[in-house]
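Here is a short report for a first look at this structure. Keep the sequence and the 3D view open while reading.

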Amino acid sequence: MPERTHEFGLYGARGIKGHEAVARRLDALAGYIATPITAKRGLLARLHYLTRTDHARAAARAAGLTVTDRTLKAWLDGKRSPSKKNLDRIEQAYRTVRRHNTARYLLARLNREGRGTRVEIHPLNQSQVPRPRQRVVEFRTLNVRHWDRIVEAWAADNLQALDDAWVDQIVDLGSQWGQYEYVTNIGFAA
C-alpha cells in the first residue's frame with residue numbers, strides 16, 4: 001500500500017481528505033455564531049466578540065483586523081457598514097480568535113485525561129466507481145488518545161501540520177490506513 005494516494009478520484013471515487021473532515025468537525029465543536037455576517041445581527045455579534053476586552057482587540061489585530069477604533073465604533077453604532085473586503089477580514093479574524101479561545105477547552109475534552117476520544121471514520125464514496133475497480137472499505141472506529149498536535153494545527157489553521165498529525169493517528173489502523181486517507185465523514189464528540 002503506498003503511503004499517499006496519487007490520483008484520487010481517477011475512477012469516480014468521491015470524498016475529502018481526512019484532515020479536512022477533522023477540521024470541519026472541530027469547527028462544528030467550536031460553536032461559531034450561526035447568523036451570517038451579512039446580517040446585522042451576525043456582524044454585531046462578531047464585532048462584540050472581537051472588541052469586548054483589550055485582550056480580544058489585540059487578538060483581532062493579530063488575526064488581521066487592522067481598522068481604527070473610530071471605524072470599529074462606527075460599525076458597532078450602525079453609522080457605517082464595512083465593505084465586502086472588511087467583512088471577509090472580520091469573519092477571518094473572528095474564526096481565528098474563536099479557534100484560539102476554544103482550543104484549550106477542546107483539547108482537554110478530547111484527551112479526557114489520557115483516555116482519548118472514539119473517532120468514527122466513514123469510508124470514501126465508491127458509488128460511481130465501476131464494479132470491478134471497487135474496494136472493500138468498511139466503516140472503522142479508532143480511539144485517538146493524543147489530540148495535542150491535531151488541535152494545535154487546527155487552531156493555527158496550518159493544514160499541512162494538521163494532515164501530518166492526522167496521518168500519524170490513522171497509522172494505528174494498521175496496513176489499511178491508506179484506504180482512509182480520503183473519507184466521506186469523520187465523527188467524534190467532545
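## The sheet

In what sense do E1 and E4 pair, and over how many bridges? The two strands pair in the antiparallel sense, over two bridges. This is a predicted model. In the E1–E4 pairing, Lys-17 stands opposite Tyr-182, a residue of E4.

E1 and E4 belong to an open sheet of four strands. The order is E1-E4-E2-E3, and the pairing is antiparallel. E1 is an edge strand, and so is strand E3 (140-144). Each of these two pairs on one side only.

## The helix across the sheet

Helix H7 lies across E1, strand E2 (117-123), E3 and E4. Against E3, the helix runs at about 110°.

## A buried salt bridge

Which residue forms a salt bridge with Lys-17? The partner is Glu-181. Their closest N and O atoms are 2.8 Å apart. This pair links distant parts of the chain, with the two positions 164 residues apart in numbering. Lys-17 sits in strand E1 (residues 16-17). Glu-181 sits in the loop between helix H7 (159-170) and strand E4 (182-187).

Are Glu-181 and Lys-17 buried or exposed? Both are buried. Lys-17 thus appears twice in this report: it stands opposite Tyr-182 in the sheet, and it forms a salt bridge with Glu-181.

## Salt bridges with more exposed partners

How many salt bridges does the structure hold? The count is ten. One of them joins Arg-61 and Asp-69, with the closest N and O atoms 2.7 Å apart. Arg-61 has 34% relative accessibility, so it counts as partly exposed. Asp-69 is partly exposed because its relative accessible area is 47%.

Another salt bridge brings together the side chains of Arg-115 and Glu-113. Here the N to O distance is 3.8 Å. Why does Glu-113 count as exposed? Its relative accessibility is 75%, and exposed means over 50%. Arg-115, at 44% relative accessible area, is partly exposed.

## A linked trio

Some salt bridges join up. Which residues are linked with Arg-99 in a network of salt bridges? They are Asp-27 and Asp-157.

Key. Residues are numbered from 1 along each chain as its sequence is written. This is a predicted model: local features need pLDDT of at least 70, side-chain atom pairs count only at pLDDT 80 or more; totals for chains, interfaces and linings use all residues. Side-chain values use heavy atoms; hydrogens and water are left out. A salt bridge is a side-chain nitrogen of Lys or Arg within 4 Å of a carboxyl oxygen of Asp or Glu. Buried means under 20% relative accessible area, exposed over 50%, partly exposed in between (1.4 Å probe, protein chains only). Two strands pair if DSSP finds at least two bridges between them. Contact means heavy atoms within 4.5 Å. Axes are lines fitted to C-alpha atoms, for helices over the stretch in contact, and angles run from 0 to 180 degrees between N-to-C directions.
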